[in-house]
Every structure is written in C-alpha cells, then in structure tokens.
Amino acid sequence: MDSAGAGGSAPDVSIPGAEPEPEPGSGPEPGIDVDADSQHPFIAPVSMEDDLDELFPGDRGTLDAQVRRVLAHVLQRRFVSAEGNRAEWALLLEHQQIIESRMHDLYLRLVVDLGRGLAYKQQVRSDEFEVPVLLKDSPYNRTETLVLVHLRTVFQREAAAGEAAPRIDIEDVEQTVLSYLSDADGSTARQQKAIRAALDRLDREGIVDEETSGRYRISSLVEVVLSAQKLAELRAWLRENAGSTRENAPHDDENATQKEVAE
C-alpha cells in the first residue's frame, strides 16, 4: 500500500535548518518532521477503507476473508454446490471474475454450471506452451466405476420420471454390482466391502449423500462425473464383458477425475 495514503500528494518534508527551531514545548517532539500547514506526522494516516487488515503476519492478499475462503474451497474440494452452502455459492457468483483470475494465474479453469448449481476446477492444458500441472488424474477403480454406472443409470431413469432427488438403498447397489463381479474379485464378503468403500468415497466427494444408514440420495454431480456419452460407452463395455475377470476396467472421464496434487 502506498505510504502516501489516499488523501492526495505526500506532505512536504521539513528540511533541518531551513526553518527556525520551535520554542521548547511549543511544537512536536524533537525528531519528528511535520507538514508546516497540517502539523501531521511525516507518514500521513491512511483512511480506514484503504487499510486492509492482515489476516496473518506478512499478509499480502487483497481479497476479503470470505472471498479467500470461497477460492480456497474451490481449490480444496472436488465440487462446490449451491445446495451445500447457498451463502458461499452467492459469494462465488458475485466474485466469479476475480476468483477465475486467481485460478487462471495457476493454469486452472473454473467451471460454473448454473443449471445444476455446481462449480469445479479443471486443469488447463496446451500443446502450444508448457503448462505446470497442479491437478492429477485420479481414476476410479473397477468397483467404484461399476457403482457409478449403476448410480448414473438410476439417476437418469428417476429424473426422467420427474424425481428431482433419487434415492437408492445399498442392497440395490450390491445386487447390481455383484452381478458384474466374479470369483477373481474375491469372496462375496470382500466384494461387498469394496462396494461399501466405493460408496464411502462417493459420499465424501458429494456424489451421494447417506441420509440414513444404507440409504443414499444421488446428487446431480453424477451427471458431471459420467457424461451421457461415457455412460453409453460403459454400458456397452458391461454388456460385452459381463462376469468377465478382465483387469482393464473402465474409468470415468479425465475432467471428472482431476484432483489437486497436494491432496
């Protein structure tokens, strides 16, 4: 911040010997240069609106604390949703331009889906210049992918029937996913454990929400993670390889699997 302050030009500096010495007790303390007219100290006071509070020692940031928090959450989380925190969502939309600017400085793209009330980040990639990659691909494993396909299928079917927030029980998920697994994937107990671990991950990422024990609400995030085209490809793969022990299980699309390296 400019030490001259927001009040105009910097005050004049008294030059020792150019003016008579003040009588004892009639002026400012010795050693403090003053403006002859205003009697203000050499460093002019800064108006309160221009004096940004430091949030930590040495803070050089210029964003308000709340806006910084939204930016940090976009970088930290896989998704930010309007449903999860409406106040935060309103701040994101209000300050979208500056948040995008800060992210672009890091070669990251902010995607705001107003229709679904979702925002997420993507890694900028270019063949024309070198881009430092901050996000890495973190694909789902075989069981997680099978769970996602079933969730996406149920969401699509229920949404077409007018259901805004489809629900599903873990028994339904297990019954369907187990039909695509084989002895090579371990015992039934081990397969069920893997399915529950997959749902736990998807719950942490906001794709499902466990409302009660074993009952989940499917979020519209599942449409972002698995596009209609990708869903069709995975369904075709499942029809061709039902019950197969093939190791190269399908993964979700690249943009949906990007995560921050620091995680």
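Of the 263 residues in the protein, buried residues make up 36%. The model described here is predicted. The protein contains eight helices and eight strands. Its exposed surface amounts to about 16,300 Å², and carbon and sulfur atoms supply 48% of that area. The contacts within the protein can also be described by separation along the sequence. Among contacts between residues at least 6 apart in sequence, 62% join residues at least 24 apart.

A sheet offers a suitable place to begin a closer inspection. Three strands form an open sheet, arranged in the order β5-β7-β6, and their pairing is antiparallel. Strands β5 (167–169) and β6 (208–212) stand at the edges; each has a single partner strand, so one side of each is left without a neighbour in the sheet. From one strand to the next, the twist averages 35°. The pairing of β5 with β7 (residues 215–218) is antiparallel and extends over three bridges. One residue of this pairing may be located directly: D169 has R215 in β7 as its bridge partner.

Two helices lie across strands of this sheet. Helix α5, which comprises residues 170–178, lies across β5 and β7 and runs at about 70° to β5. Helix α6, which comprises residues 188–204, lies across β6 and β7 and runs at about 105° to β6. Strand β7 is thus crossed by α5 and also by α6.

Attention now turns to the aromatic side chains. A search of the whole structure finds two aromatic pairs. In one of them, the ring centres of F79 and Y120 are 5.7 Å apart and the ring planes stand at 70°; because planes over 60 degrees apart count as edge-to-face, the pair is assigned to that class. This pair links distant parts of the chain, since F79 lies in the loop between α1 and β1 (80–81), Y120 lies in strand β3 (residues 118–123), and the two are 41 residues apart. Both F79 and Y120 are buried.

The other pair is formed by Y107 and F129; it is tilted, with 6.4 Å from centre to centre and 45° between the planes. Here too the pair links distant parts of the chain: Y107 is in the loop between α3 and β2 (108–113), F129 is in the loop between β3 and β4 (135–137), and 22 residues separate them. Y107 has a relative accessible area of 31% and is therefore partly exposed. F129, with a relative accessible area of 43%, is likewise partly exposed.

Two further residues illustrate how individual positions may be described. D59 lies in the segment before α1 (65–76). Its relative accessibility is 9%, and because buried means under 20%, D59 counts as buried. Leaving aside residues up to four places away in sequence, D59 touches D53, E54 and R68. With R68 there is also a polar contact, made between the side chain of D59 and the side chain of R68 at 3.0 Å.

Q97 is found in helix α3, which covers residues 96–104. Its relative accessible area is 69%; because exposed means over 50%, Q97 is exposed. Q97 and L110 are 13 residues apart in sequence, and their C-alpha atoms are 9.8 Å apart in space.

Technical notes. Residues numbered from 1 in each chain as written. Predicted model: local features only at pLDDT ≥ 70, side-chain atom pairs only at ≥ 80, totals over all residues. Heavy atoms only, no water. Pairing = 2+ DSSP bridges. Helix = DSSP H or I, 4+ residues; strand = E, 2+ residues; numbered from the N terminus. Axes fitted to C-alpha atoms, helices over the stretch in contact; angles between N-to-C directions. Contact = heavy atoms within 4.5 Å. Buried < 20%, exposed > 50% of the residue type's maximum accessible area, 1.4 Å probe, protein only. Polar contact = N/O pair within 3.5 Å; in protein donor to acceptor, adjacent residues only side chain to side chain. Phe/Tyr/Trp six-rings, centres within 6.5 Å; stacked < 30°, edge-to-face > 60°. Areas by Shrake-Rupley, 256 points an atom, 1.4 Å probe, with all protein chains shown as cover.
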